[in-house]
Amino acid sequence: MLRSHRLVPALPAVVALTALTLAGCGIPDDTGVTAVGPGPSTGITSGSENTSAQETRTSTSDRTEFVVNYLAAAAGDYDGATDRVREFMSPAVAEKFKPVAIPRVIRVIGTPLVSQGRSAVEFTYELIGTLGKNGLLEPPKEPVRGKYEITLGTAEDGISLYVLDAPPVLLISDTALASRYTQRTIYFWNTEHTGLVPDVRYMLHDVPIEQVPTTVLGWLIEGPAPWLRSVVEVLPEGTALQGKIPAIADQTLTINLSAQAVPTEGAAEALDRLRRQLQWSLRPLLPENLALKIGHQETENYYGTNFLTSNAAYRLEQFPERFAIYGGKIVRLSESRKAVAAIPAIPPQANKDVRTAALSTSAEHTYAALVTGSGGGAALRVGATLTSGGQDAALHTVSGLPGGLGYPVWALTTDSAPESALGLIIASDGLYSFRAEGGAAQPVQVSGVTGKISAITVAPDGHRVAIVAGGRLYRAVLTVSGDGVSLSEPELLRPPLDTVTAADFSGEGWLTVAGVREGRVAILDVTIDGALQDPRLPDLGDDTVTYVTAYPENPVNQSSNEQGNADFVSFTTADAAWDVLSGPVQIVAGSLAEPPSNRPVNTVPTAPFFLN
């Protein structure tokens, strides 16, 4: 079922007041906070992609609204942040204000306390991270909550306000981040050179469009986000932009790079990877032709869209194939692609006593993983087959798993060597990897998390991972080497939930997460750094969501959803499975394309999933 997605505008500072005064955890009950990126452009013209007015000290004399504007002052040109914040201060205070240059992004929790007869406005905050000049938002190592006080006074005109005392740091609220910046994704090749890995940054709305390519090139040359460095390849040392990137002419974007940008060994392959990396990173602005000149070599011209295949997310369908478990069998849902076709890769005789399952495709192969049985008789069976020809996979049992098997997830799937495809599964609260050819499962060490692991999800690129453990949300990267499968030390994310129970990737820069907020269950979309959010189902009562599955949005195919997160989301509670539309809609026997016969009348579909 197609989700009716809310396209929520970024909050201007005046509307952001509602987010501060009404939201228990910084989330309005019926207003989402999101960064909306630009659509494709036929060329670069003068001006910015999107401009939003920046409030000044004299924009309001309301003390709460003044604080909202103050928390947006640092959002803007990086080098001018301190000066903009000083403009809200009295001259004496501004002269002494010498903060650390890197802004801190915070989420205001609850209602700022404005008391009669008291000049200080007090509010509780949660630290989301720091925002670098390279557009990178870095989450804190540990959760940080605290209180800030901002002391206000009346200016000489007797009406407007001044800041008389404030924390000695640059602060940006999450609502200011949403209203002043656009998410922009750049890309780096994985170390295996099999695909591109997304790296999400924040770019000011009011950056002139003609300056965007230069900014993106600068980010690429500087290198990837620290959490991705172990799985991606940096540009060669000495790579530099030669001169300025001229305005688009004759539907051509021209880029000149230093000779070091392409190594002498394997130059042809390296050049092809570089141009694909550039085309993806510049794609929202890319015209018909990219003219790329390396050093003193002849300019190479690249036309068309064949670069798109370098990103695994490009293979995602606009309308996915959907499945659920009904009476121990995998069944198709009626409102999905190929609703009456056979279950791919699964031999009919093996489609029984199934509890959970995962199906995934690469360009040439389909991969299957089934958890069958229960208790001590539970088993994981896996296999792969060619996608063309409709053949079933030979399923092999994965040995060495303890009890308590959860939902299997395919992480890395390949065309050339299907036996090397890799999956992950939680068993007895630990994480294990398995191969498509079966054999022994291998434990995957997960360090730095608190509590038991309850959910694992892998992005389409096969390396970025989100983990739920002990009610908290983490991100990490997956590495495969001769020594086996390893996970980087997870980074803690701070979505606006008190407890997280489930998560799945819903787009290149987004996760769909479920959890509890002030005693009420909610499902939200949050950015991969945990900073921004868009409520899908902000109040589901007290029925805990145990599992959530999303079909990630194809970044090229964002027809109904400018944010780049999933149109299709399903979840489970203790006794039912649900689709996310404008509200929760239960998946019932009537939702199935061909319900198996001879099932008890109280049988309900469970464990919904997609062919990814």
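Colleague: Which residue forms a salt bridge with D272?
Modeller: A salt bridge is a side-chain nitrogen of Lys or Arg within 4 Å of a carboxyl oxygen of Asp or Glu. In this predicted model, the closest N and O atoms of the pair lie 3.0 Å apart. Both residues belong to helix α7 (residues 267-281), and because they are 4 residues apart there, about one helical turn separates them. The partner of D272 is R276.

Colleague: Is R276 buried or exposed?
Modeller: D272 has 29% relative accessibility and counts as partly exposed. For R276, the relative accessible area is 14%, and the cut-off for burial is under 20%. R276 is therefore buried.

Colleague: Which residue forms a salt bridge with R337?
Modeller: The closest N and O atoms of this pair are 3.6 Å apart. R337 lies in the loop between β13 (329-332) and β14 (354-361), and its partner, 16 residues apart, in the loop between β11 (300-303) and β12 (322-326). R337 is partly exposed at 28% relative accessible area, whereas the partner is buried at 6%. That partner is E321.

Colleague: How many residues apart in sequence are the parts that R520 and D539 tie together?
Modeller: The two side chains meet in a salt bridge of 3.1 Å, N to O. R520 lies in strand β30 (residues 520-527) and D539 in the loop between β31 (533-537) and β32 (547-551), so the parts tied together are apart in sequence by 19 residues.

Colleague: Over which residues does pLDDT stay under 50?
Modeller: The mean pLDDT of the protein chain is 88, and 90% of its residues reach 70 or more. Where pLDDT is low, the predicted coordinates should not be read in detail. The stretch with pLDDT under 50 covers residues 1-49.

Definitions and conventions
Residues numbered from 1 in each chain as written. Predicted model: local features only at pLDDT ≥ 70, side-chain atom pairs only at ≥ 80, totals over all residues. Heavy atoms only, no water. pLDDT = per-residue confidence, 0-100. Contact = heavy atoms within 4.5 Å. Helix = DSSP H or I, 4+ residues; strand = E, 2+ residues; numbered from the N terminus. Buried < 20%, exposed > 50% of the residue type's maximum accessible area, 1.4 Å probe, protein only.
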